[in-house]
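Thanks, everyone. I would like to take a few minutes on how two parts of one chain meet, so please have the sequence and the model open while I talk.

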Amino acid sequence: MQALREVEGRAIPLGLKNVDTDVIIPAHWLKTITRDGLGRGAFEALRKDPGNLFDSAEFKGSPILVAGDNFGCGSSREHAAWALLDLGITAVIAPSFSDIFSGNAFKNGILTVVLPQEAIDRLMEVAQTDPIHIDLEAQTVTTPFQDRFEFEIDPFRKHCLLNGLDEVGLTLARDTAIATYENKSRAELPWLAKGTGVAA
Amino acid sequence: MTSTPRTLYEKIWDAHVVETRDDGTSLIYIDRHLVHEVTSPQAFEALRVSGRKVRRPDLTLAVPDHNLPTTARRDAAGKFIPIADPESAQQLEALTRNAPEFGVRLIGDADPEQGIVHVVGPESGFSLPGATIVCGDSHTACHGGLGALAFGIGTSEVEHVLATQTLLLKRSKTMEVRVEGKVGPGVSAKDIVLHICGQLRASGGTGYVIEYTGSAIRDLSIEGRLTVSNMAIEHGARAGLIAPDDKTFAYVKGRPYAPTGEDWDRAVEWWKSLATDPGAVYDKVVVIDAADIAPNVTWGTSPEDVLPITGTVPAPESFEDPSKQEAARKSLDYMGLEPGTPLDQIEVQNIFIGSCTNSRIEDLRAAAAVLKGRTKAPNVRWAIAVPGSGLVKRQAEAEGLDRIFIDAGFEWREPGCSACLAMNPDKVPAGERCASTSNRNFVGRQGPGARTHLVSPAMAAAAAVTGKLTDVRTLA
């Protein structure tokens, strides 16, 4: 995973609430067995409009997306995160995110920034004309007009994002703890250790 | 032992903590992992690339469901009919190759038990009360109807669970949604959960695990409870839970992967201990009077856009929140609806009975009870009944339900996710409406431009008969 310290650039002022994962990447794009190339299907329905933001000369390739409440609601498809990455988006700013989407985004090195609606309103305004700067280390979003918004982020997620750490590798290093749990569980709740019966 | 009263969620969580870190996140052990063809190829590929193996293949079960065609899978001579769409075929091939390569049991497309993962899990006894269950699919919340802590995960998490049998999680907040009293005639589990979607809105459950309680929930069959918990994600909650009780134990007992003998007795004893303790505190409580719930339909493009069938299409200005007004305008435009139109005057051209929400035997019985002796209206162009699994299909056929559907003008299909998300050939044409027993009415969900109205199986059957959204209570 790519380390992420700062995101700087134009922000696509999408603003919509409840942007669901079917809007981000419709189901017929999910028939892939790789993670690449999904940018073509990203926001497909919105991009049928020739005047859409995503393909405009001004916002094409912008690294930041500003959206309304409950961004990424709906399905668990990680393709939504892959589609954003393929479009070049590495940070999304919104008042709230669906739990599954924010996890998927994090695991792909996309920063999800939660800010109150007033801040979103201001950023929507700035985004029309000017770039936005996100500093993960300092946990701030700033604009060329002296706006400065601080955001909260889970310390573990911050650490992983800043260093581009692979979570699977980190957990595999906890093998002893996992094996200890399995032994305890096998003694206390033995039926849970018996799954389909194939060789473990 | 802790003396603090705990909720059902907290008890299951505590029993699965491998370790807790200083920042409050915990490594949680996963007991059951369901895998399907759409969200797993990239996870298996990542394992292959990094030379990692599946830690517990015996706790993993693979079933293709999302893009299998629901038309006949074998020709008259019993020969397998190849899947026409090359990309769907490629995903199926990937699963069929990956499962044996990593030692995971596969219920393949030709197996009699094949079906939707969320139907197969409970039906096979693989999903158990008190277990932690994950799948790369947001409707995994479904298994919470058995009292399992079940939730959807993304593909990176699928990889994480395959490699480590754990997930790194933060404890969720808890919400109790208590539905007290008796529901009226014609009101099903689907109507209960659609009502909850309307009350909590699409994000009201975000950050919470919801426990559905109250007499109306206890009165539901296990099938009904699976339907309610299935849609927890539609109000933003990653997981829903319903306390396991005698009905649950009777449902689980004797299923192929269910515990037996001494294990069974110990399991039941533990399951009984999981119920929320008196005095345990939820972070939020929502109380609903079952008598307020009517047969519901959705009018917009979010499951929160729901009203009783006796209502009318709302005006965007009727919403307080300006952004909701804007969303409602967009929804009505997409849905081709005018404010003030009575919901029961909306004509539908398509009927879909199926999906992980409503494709179990009880759902098919409820629809068939309405369809018996009736036929679909002439304006209903396409009506399909898609059983949730091969076992449900054969059970329905043994009861003669397939004949009722066929005689009513329905197509009787092979199991799969089908027109719920239209990844296979089952799509609703642009601009047409579908009365659908599925779980999402999002823009384009059932096909580009398709207009979805979410309803219960009985309501979908009623719509098929009259050709428009219909209050099933008016069909004597």
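A word on terms before we begin: the domain bounds I am using come from an automatic or database domain assignment. On that basis chain A is divided into domain 1, covering 6–164, and domain 2, covering 165–195, and please keep in mind throughout that this is a predicted model.

Taken over C-alpha atoms, the centres of domain 1 of chain A and domain 2 of chain A are separated by 34 Å. The contact draws 7 residues from domain 1 of chain A and 4 residues from domain 2 of chain A, and the area buried between the two is about 410 Å², with carbon and sulfur atoms giving 62% of it. On the domain 1 side, the residues that lose the most area to domain 2 of chain A are Phe156(A), Cys160(A) and Gly164(A), which together make up 61% of what that side buries.

What, then, is the polar part of this contact? The count between the two domains is 1 salt bridge, and Lys107(A) forms a salt bridge with Glu167(A), where the closest N and O atoms are 3.7 Å apart. There are also 2 residue pairs in polar contact between domain 1 of chain A and domain 2 of chain A, both at pLDDT 80 or more.

As for secondary structure, the elements giving two or more residues to the domain 1 side are α3 (99–107) and α5 (155–163) of chain A, and the largest share, 4 residues, comes from α5(A). By class, that side of domain 1 of chain A has 3 nonpolar, 3 polar and 1 charged residues.

Technical notes
Residues numbered from 1 in each chain as written. Chains lettered and ligands numbered in written order. Predicted model: local features only at pLDDT ≥ 70, side-chain atom pairs only at ≥ 80, totals over all residues. Heavy atoms only, no water. Contact = heavy atoms within 4.5 Å. Buried area = accessible area lost by both parts, 1.4 Å probe. Salt bridge = Lys/Arg side-chain N within 4 Å of Asp/Glu carboxyl O. Polar contact = N/O pair within 3.5 Å; in protein donor to acceptor, adjacent residues only side chain to side chain. Nonpolar A, V, L, I, M, F, W, Y, C, P; charged D, E, K, R; others polar.
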